[in-house]
Amino acid sequence: MYCILIDDDAIFNYVHEKTIRNLCSDCAIKTYLSSRQALTFVLENIHEEVNNQAYIFLDINMPELTGFEFLDEVIAVIPDFLNQYNVYILTSSLNDKDKQKAETYIGLKGYLEKPLDKEQLIQIFE
């Protein structure tokens, strides 16, 4: 299994990585504080390193690219991205408009509130 955490908050990335490791000690996990760096990685490596057992957890509010801008840029290059990979919004946003906007991304697997917990991961990984 392969997980990519994209969040400009290092503490959330750390907590989420530890939570994932507790359930999946042999998971490959990449964390990104920069949405721009994550975008570069995804566009250059997603087909080689990641398969349908990939899980991408994406924050919305980030300085370089918002989560939605990130998705728009990936989808522009890989139109079927959200149907090929398990992509989840993982946010602390309480804004209903963010949730409504997320619902417009057909194929997005879920909209989760931080922090990611063990019970959520069990449901996601099953």
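Student: Before the contact numbers, what does contact mean here?
Tutor: Contact means heavy atoms within 4.5 Å. The model is predicted.

Student: OK, so of the contacts between residues at least 6 apart in sequence, what share joins residues at least 24 apart?
Tutor: In the protein chain that share is 66%.

Student: What's the order of helices and strands along the sequence?
Tutor: The pattern reads β-α-β-α-β-α-α-β-α-β-α, which comes to 6 helices and 5 strands.

Student: And how does the radius of gyration sit against the globule rule?
Tutor: The radius of gyration is 13 Å, close to the 14 Å the rule gives for 126 residues, so the protein chain is as compact as a globular protein of that length. The C-alpha trace spans about 35 × 35 × 25 Å along its principal axes.

Student: How much of the chain is buried?
Tutor: Buried residues are 49% of the 126.

Student: Switching to cysteines. Which ones are joined by a disulfide?
Tutor: Cys 24 and Cys 27, with an S to S distance of 1.8 Å. The structure holds 1 disulfide. Its S-S torsion is about 105°, so the disulfide is right-handed.

Student: Are those two buried or exposed?
Tutor: Both Cys 24 and Cys 27 are buried.

Student: What about Cys 3?
Tutor: Cys 3 is in no disulfide, and the nearest cysteine sulfur, that of Cys 27, lies 5.0 Å away. Cys 3 counts as buried because its relative accessibility is 0%, and the cut-off for buried is under 20%.

Student: Now the surface. Which residues make the nonpolar patch?
Tutor: Ile 11, Tyr 14 and Val 15 make a patch of about 320 Å². Tyr 14 is in helix α1, residues 10–23.

Student: Why does Tyr 14 count as exposed?
Tutor: Because its relative accessibility is 51%, and exposed means over 50%.

Methods:
Residues numbered from 1 in each chain as written. Predicted model: local features only at pLDDT ≥ 70, side-chain atom pairs only at ≥ 80, totals over all residues. Heavy atoms only, no water. Disulfide = S-S within 2.5 Å. Buried < 20%, exposed > 50% of the residue type's maximum accessible area, 1.4 Å probe, protein only. Patch = residues over 30% accessible without salt bridge, like charges linked within 9 Å, V, L, I, M, F, W, Y side chains within 5 Å. Areas by Shrake-Rupley, 256 points an atom, 1.4 Å probe, with all protein chains shown as cover. Salt bridge = Lys/Arg side-chain N within 4 Å of Asp/Glu carboxyl O. Helix = DSSP H or I, 4+ residues; strand = E, 2+ residues; numbered from the N terminus. Rg over C-alpha atoms; globule rule 2.2 N^0.38 Å.
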